[in-house]
Structures are given as C-alpha cells and as structure tokens.
Amino acid sequence: MHAIVFGQSGFGKTNIIKVIMKELSRPKLAENSVPCMFFDFHGELTGKDEKHFVDDIGAKILDPSAGLPINPLYIPRDPDTGKRYSFLFISSQVSQTIGSVFELTPIQITILETAIESVYLQNGFVKEDPKTWDKPAPEFNKVWDALQAMASEETNNSIQFAVTRLKPLFINNIFRGKNEGIDMVFAGPTIVRLNALPNIYLRTALVNFFLVQLYETMLSKGPTKSIRLAVIVDECKRVSNVPVFKELFREARKFGLSLVNASQRLNDFPEDVISNSGTIIGFKMMATDANRFSKELGSKNRSKLTFLLQQLEVGEAVIRNSQNMPFTVFKTKKAS
Ligand SMILES: Nc1ncnc2c1ncn2[C@@H]1O[C@H](COP(=O)(O)OP(=O)(O)OP(=O)(O)O)[C@@H](O)[C@H]1O
Ligand SMILES: [Mg+2]
C-alpha cells in the first residue's frame, strides 16, 4: 500500500503525484475516493499555475504559518488498554523528534526533554499518579518559557545553543491547537503549504508531528483493510531520518494510512522504507541508482536494464508492484 517515487529533477515526480491525487480524489466511482494529503515542501502545488489543479480536485490548502490545530504535547491513549500514555513517554518522543529534525546533540535533547517534563509537572501531571495524565495537555509554547527559564539560570553553552536553534519552532506559534481539528484531513484532499514556513527544519518538524498525530488518530479508529488516507511527502530523506518515522511506516498500513514518498535518489530512502513499499516508481536516474534498482527488480539482463533506466524520457517510468512483476515501463499522463 505504501509507494516510493524517485528520479532526477524535471522528469515527472510531481506530475505523477498530481495524477495520483486526481485519481484518489475523483475516481470513476465517487464511493472509491480516498482523501489525500500532500506535504508541499517547495510550493509545487500552491503556485498560481496550479490553481486550476487545486480547484479541479477540490483541495483545501492548509497554511501552517496561520497556525495548525495540533499540539505535540497531546497525550494519546494506548489503544490496547484505553489508558493515556505516560507524559514521560511523550516528553521523550517529542524531544527525540525535535532533536533529530533540528540536529541537536544528545545533551541538548536531554535539556529539551527536561523542559518538556517540567511543563507537564507545572500543569499538575504527577509521575506516580496516572490519573493526572488525563488532564488537558499543556500548551506547546510553554516549553519555550521553560527553555528560556533554564537558559537564564545557566550559562551552559548547550542550553544557549539549543534555545537559539529552536526559537523558530516556538516564536512562529504554529502548534496552537488542542488536536481537535485533525479529522478535517479525512474530508477530502489537503495540501499543506510548508513553504510558508521560514526554514527546512520547521517544515520537517511539522510533517513529523502531523504524522504522529495522524497515526494516533488511526490507532484509535482501529485496524482496517481499506485505505483511510494517503499521505504524500516529497522530501522523504529528511522526514524519514526521524526515529518515530520508521515505526510509523511499518505500522501505518495496518490502520489504513498509505504513505507515498518521493525523492530524487533511490539512495535517499532508508532500507526499511524501500522494503515496506509495495509500489516503486523510478523516473530517469543516475548510474548508481540504476545499478541498484535493476538489482532490486531482479532482471535477467541487468546491464541492459541499468542502461535503460538512465535513458528514460520525461514522463517515462518503470513501475514495480504486485500487478507489475518484475516491472513495467510506462508513460505517465500529463496531469492537467
Ligand atoms: N508525462 C508527462 N508528459 C508531459 N510532460 C510531463 C510529464 N511528466 C512531467 N512533465 C513535465 O516535465 C516538467 C518536470 O516535471 P516534474 O515537475 O513532475 O518533475 P520533478 O521530477 O518533480 O522535478 P523536481 O525533482 O525538480 O521537483 C514539468 O513541466 C511537467 O509538466
Ligand atoms: Mg517535483
């Protein structure tokens, strides 16, 4: 159910993503439509030229600079027991995610984790009393106050550096919500205009928090064989480096979350992501990727295929999935 799309710049990745979004949004039978969500790192689908496409599929554009209804400190329930996870677990998970995205050192991650824990403690959460974990989650921006308080008490360089680096995460006030609005993404196609955010760290952090919250929502809905939501990300390399992503990628399918990841190089995708993707689509690629992909495809005539993969034209691709074994060469339609 997961897919990856790769290939050199300008050979058709964004175009096929548009084709996929259109087919999910406007299938021949309306009841077969699947809501999809595109994380647009570079503004590829929100420019003036794309207005026609956006209107045609009826997509809603989410602008994170105007704030999102997500609170990374929200504590979900364990679907097996129905009880809330420990706030210590969430403190660790959130600090690991931010640490990985913002390239913090282990000491800085620990500082951030301490700041997050302190915010829960200030809001009445008690380690030994799980009943207190049911309290409303503290506002995310309180972590910024805690970090600043820690920085003013200590001249430790690690704290100062962490505070400077993380400032955009808080001063932009992106995560304002209480998680009440995440269900809107199941209503139809959504495009998240990540390029409205000032830097790549913030964009990546947002995708990860969104994915974690989506995954929690899926868990609470329970396992399913159908697809509830297709999530499309075109900067897989950055997003998949975050520890929580791998777990999510492995488990998401069971709960009806299908992930389509795009990137320029096959080598941008971690091994786990490749092995868990039922569909792989490759556009024109460089020699190293062609070598690897032809091996992956198990072709009898590898050198011929390696050569072919480097000669593909704009819009031409090689697909491999259960219906196309070992692979099929095809020409994509031009999305309107
Ligand atoms: N099947 C096709 N038929 C005709 N034109 C196509 C086709 N696929 C892509 N194109 C055109 O080729 C150009 C580049 O395509 P696209 O933007 O999809 O590339 P990309 O792989 O996403 O590049 P990048 O990595 O830089 O984002 C666009 O102008 C697009 O309209
Ligand atoms: Mg593109």
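A crossing of two helices is called right-handed if the near helix is turned clockwise from the far one by less than a right angle. I needed that before looking at H3 and H4, whose crossing is right-handed. The model I am reading is a predicted one.

**Entry 1: H3 and H4**

I looked up the axes of H3 and H4 and found that they come within 9 Å and cross at roughly 140°. That angle makes H3 oblique to H4; the class of roughly antiparallel begins over 145 degrees.

Next I listed the residues in the contact. On the H3 side they include Phe-87, Leu-88, Ser-91 and Ser-92, and on the H4 side they include Gln-108, Ile-109, Leu-112 and Glu-113. Sorted by class, the contact of H3 with H4 has eight nonpolar, six polar and two charged residues.

I also checked the loop between H3 and H4, where Glu-103 is found. Its phi is near 55°, which is positive, and Glu-103 is a residue other than glycine. Is Glu-103 buried or exposed? I counted 10 other C-beta atoms within 10 Å, so Glu-103 is exposed.

**Entry 2: H3 and H7**

H3 (residues 87-101) also packs with H7, at an angle of about 145° and with the axes 9 Å apart. This crossing is right-handed. From H3, the residues Thr-97, Ile-98 and Val-101 meet Tyr-201, Thr-204, Ala-205 and Asn-208 of H7. I sorted the residues of this contact into four nonpolar, three polar and no charged.

**Entry 3: H7 and H9**

I then followed H7 (residues 200-221) to helix H9 (residues 243-252). Their axes are 11 Å apart and the packing angle is about 40°. H7 and H9 are therefore oblique to each other. The crossing of H7 and H9 is left-handed.

Which residues of H7 meet H9? I found Asn-208, Leu-211, Val-212 and Tyr-215 on the H7 side, set against Val-244, Phe-245, Leu-248 and Ala-252 in H9. By class, the contact of H7 with H9 has seven nonpolar residues, one polar and no charged. I noted that Asn-208 is listed here as meeting H9 and was also listed as meeting H3.

**Entry 4: the faces of H11**

I went through helix H11 (residues 287-297) for burial. Its buried residues are Asp-289, Ala-290, Phe-293 and Ser-294. Seen down the axis of H11, these buried residues fall within an arc of 125°, so they line one face of the helix. The face turned away from the buried side carries Thr-288 and Lys-295, which are exposed.

What do the buried residues of H11 pack against? I found strand S7 (277-282) and helix H12 (302-309). Just after H11 comes Gly-298, with a positive phi near 60°.

**Entry 5: Thr-306, seen from H12**

I picked Thr-306, which is placed in helix H12. Leaving out residues up to four places away in sequence, Thr-306 touches Ala-290, Asn-291 and Ser-294. Two of these names, Ala-290 and Ser-294, are also among the buried residues of H11. Thr-306 has 19 other C-beta atoms within 10 Å, so I wrote it down as partly exposed; a buried residue needs 20 or more. I also looked up Met-285, which is 21 residues from Thr-306 in sequence and 9.5 Å away in space, C-alpha to C-alpha.

**Entry 6: Trp-133**

Where is Trp-133? I found it in the loop between helix H4 (106-122) and helix H5 (142-153). Trp-133 has 21 other C-beta atoms within 10 Å, so it is buried. Not counting residues up to four places away in sequence, Trp-133 touches Ile-75, Arg-84, Ser-86, Phe-87 and Phe-125. I checked the pair with Ile-75: the two are 58 residues apart in sequence and 7.7 Å apart in space, C-alpha to C-alpha. Phe-87 turns up again here, as it is also listed in the contact of H3 with H4.

**Entry 7: backbone checks**

Asn-173 has a positive phi of about 50°, although it is not a glycine. Asn-173 is placed in the loop between helix H6 (157-171) and strand S4 (190-193). With 15 other C-beta atoms within 10 Å, Asn-173 is partly exposed.

The last thing I looked up was the peptide bond from Met-325 to Pro-326, which is cis, with omega near -5°. Pro-326 has its place in strand S9 (residues 324-331).

How values were computed:
Residues numbered from 1 in each chain as written. Chains lettered and ligands numbered in written order. Predicted model: local features only at pLDDT ≥ 70, side-chain atom pairs only at ≥ 80, totals over all residues. Axes fitted to C-alpha atoms, helices over the stretch in contact; angles between N-to-C directions. Helix = DSSP H or I, 4+ residues; strand = E, 2+ residues; numbered from the N terminus. Parallel < 35°, antiparallel > 145°, perpendicular 65-115°, else oblique. Contact = placed C-beta atoms within 7 Å. Nonpolar A, V, L, I, M, F, W, Y, C, P; charged D, E, K, R; others polar. Buried ≥ 20, exposed ≤ 12 C-beta atoms within 10 Å, placed from the backbone. Arc of directions from axis to C-beta.
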